[in-house]
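Welcome to this report for newcomers. Please take a moment with the sequence and the 3D view before reading on.

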Amino acid sequence: MATALHAPILDWYAENARDLPWRRPEAGPWAILVSEIMLQQTPVVRVLPVWTEWMERWPTPAALAAEPPGEAVRHWGRLGYPRRALNLHACARAVTSEHGGRVPQGYEELRRLPGVGDYTAAAVASFAFGRSHAVLDTNVRRVLARAVRGEEYPPKATTAAERKLAESLLPALDAPRWAVAVMELGALVCTARAPRCADCPVAASCAWRLAGRPAYDGPERRGQTYAGTDRQCRGRLLAVLREAHGAVPKAALDVVWDDAVQRERALDGLIADGLAQVLPDGAYRLPA
DNA sequence: CACTCGTGGGC
DNA sequence: TGCCCAAGAGT
């Protein structure tokens, strides 16, 4: 469907798109899948160097699948949410063993890969294979909330109404370009904190701007605390394992977190998640 | 569904 | 300076 939004946003994208390596024609499905998982909850500028290193080191799913999972975790560096590294490694092995070494093209098959949810399956099907899907990431949801619904922020969880709206906006031609254009607008102009409406190609028809940019009026948007949490503790512990090539004695982990109860809980969590292993001598390492 | 899961930078 | 957010997924 063509609306007052399509042409302005597509034209704006043609002029303002960032030159990101996973958007170039030579980027294949594997490169795109890796980028999408790295980009989950993670800014582009931090993904760029890690993605580049991964693509040089593991240009194909088979190359990564041949490694132990710990190598994926090690080269994840400080991207955050390191279970994504395990997910990508598991994707590589699934693609290699079940899909002949090629990333599957269909949404349903993609969706079954570890770490591939609704967004990532739609994004890969769209960007790597040219399929038409509603690609609902945080940027798209925010742009539609403002431009169409007239609200500053979308609901906390994606609703059926949002999905229906996004699907109703799918163009007959080149849905992938539409998807990436809306995402880019949300990332560069229609940002969460300080939207740059003066630079927005759809400012004239934006329901939220026309309503005077009313402040968010929904349920509390709870911020994430971090200092002192298990997440911070897990991060510290895993950093030690990443930086040590090989096994580390438990004492090397004990020194990075004072609270022993929390430290043990976090360590157990890392092991349960497959991010760490205990050796018979009591030393720890990344999963082999 | 609410909660967990890292990390760093911008405002 | 702290708070908020960033191409979400799994449970």
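The sections below go through the domains, the place where two of them meet, and the two DNA strands.

## The parts of chain A

Please keep in mind that this is a predicted model. Chain A is split into three stretches: domain 1 covers 6-129, domain 2 covers 138-210, and domain 3 covers 230-285. If you compare the C-alpha centres of domain 1 and domain 2, you will find them 23 Å apart.

## Where domain 1 meets domain 2

Let us start with the contact between these two domains. On one side, 14 residues of domain 1 take part, and they touch 20 residues of domain 2. Together the two domains bury about 1,500 Å² between them, and carbon and sulfur atoms give 75% of that area. Three residues are worth finding in the view: H6, I9 and W12 supply 41% of the area that domain 1 buries against domain 2, more than any other three residues.

Charged and polar pairs also cross this interface. There are 2 salt bridges between domain 1 and domain 2. R23 and E184 form a salt bridge, with their closest N and O atoms 2.6 Å apart. In addition, 3 residue pairs are in polar contact across the interface. Turning to the helices, α1 (6-16) and α8 (118-129) each supply at least two residues of the side of domain 1 that touches domain 2. The helix that gives the most to this side is α1, with 7 residues. Sorted by class, the residues on this side of domain 1 comprise 8 nonpolar, 3 polar and 3 charged.

## Around DNA strand B

Which residues come nearest to DNA strand B? Of the 16 residues around this strand, the nearest are R46, R78, P82, R231 and R234. Of the atoms of DNA strand B that come within 4 Å of the protein, 56% belong to sugar and phosphate. The surface near DNA strand B holds 4 nonpolar, 5 polar and 7 charged residues, and helix α13 (residues 230-243) gives the most to this surface, with 4 residues.

Some individual contacts reach the bases. R46 has a polar side-chain atom 2.6 Å from a base oxygen of DNA strand B, while an N or O atom in the side chain of R193 is 3.1 Å from a base nitrogen of this strand. R234 offers a contact to the backbone of the DNA: a polar atom of its side chain lies 2.4 Å from a phosphate oxygen of DNA strand B.

## Around DNA strand C

DNA strand C has 28 residues around it, and L39, G115, T120, R142 and R221 come nearest. Sugar and phosphate make up 62% of the atoms of DNA strand C that come within 4 Å of the protein. The surface near this strand has 10 nonpolar, 9 polar and 9 charged residues. Helices α8, α9 (138-149) and α11 (175-188) each supply at least two residues of that surface.

Two of the contacts here involve phosphate oxygens of DNA strand C: a backbone N or O atom of G115 lies 2.6 Å from one, and a polar side-chain atom of N139 lies 2.9 Å from one. R193 is a residue to look at again, since a polar atom of its side chain lies 2.9 Å from a base oxygen of DNA strand C, and its side chain also comes 3.1 Å from a base nitrogen of DNA strand B.

Technical notes
Residues are numbered from 1 along each chain as its sequence is written. Chains are lettered from A and ligands numbered from 1 in the order in which they are written. This is a predicted model: local features need pLDDT of at least 70, side-chain atom pairs count only at pLDDT 80 or more; totals for chains, interfaces and linings use all residues. Side-chain values use heavy atoms; hydrogens and water are left out. Domain bounds come from an automatic or database domain assignment. Contact means heavy atoms within 4.5 Å. Buried area is the accessible area (1.4 Å probe) that two parts lose on being put together, summed over both. A salt bridge is a side-chain nitrogen of Lys or Arg within 4 Å of a carboxyl oxygen of Asp or Glu. A polar contact is a pair of N or O atoms within 3.5 Å; within protein, one must be able to donate a hydrogen and the other to accept it, and residues adjacent in sequence count only if both atoms are side-chain atoms. Ala, Val, Leu, Ile, Met, Phe, Trp, Tyr, Cys and Pro count as nonpolar, Asp, Glu, Lys and Arg as charged, and the others, Gly among them, as polar. A residue is near a molecule or strand if one of its heavy atoms lies within 4 Å of it.
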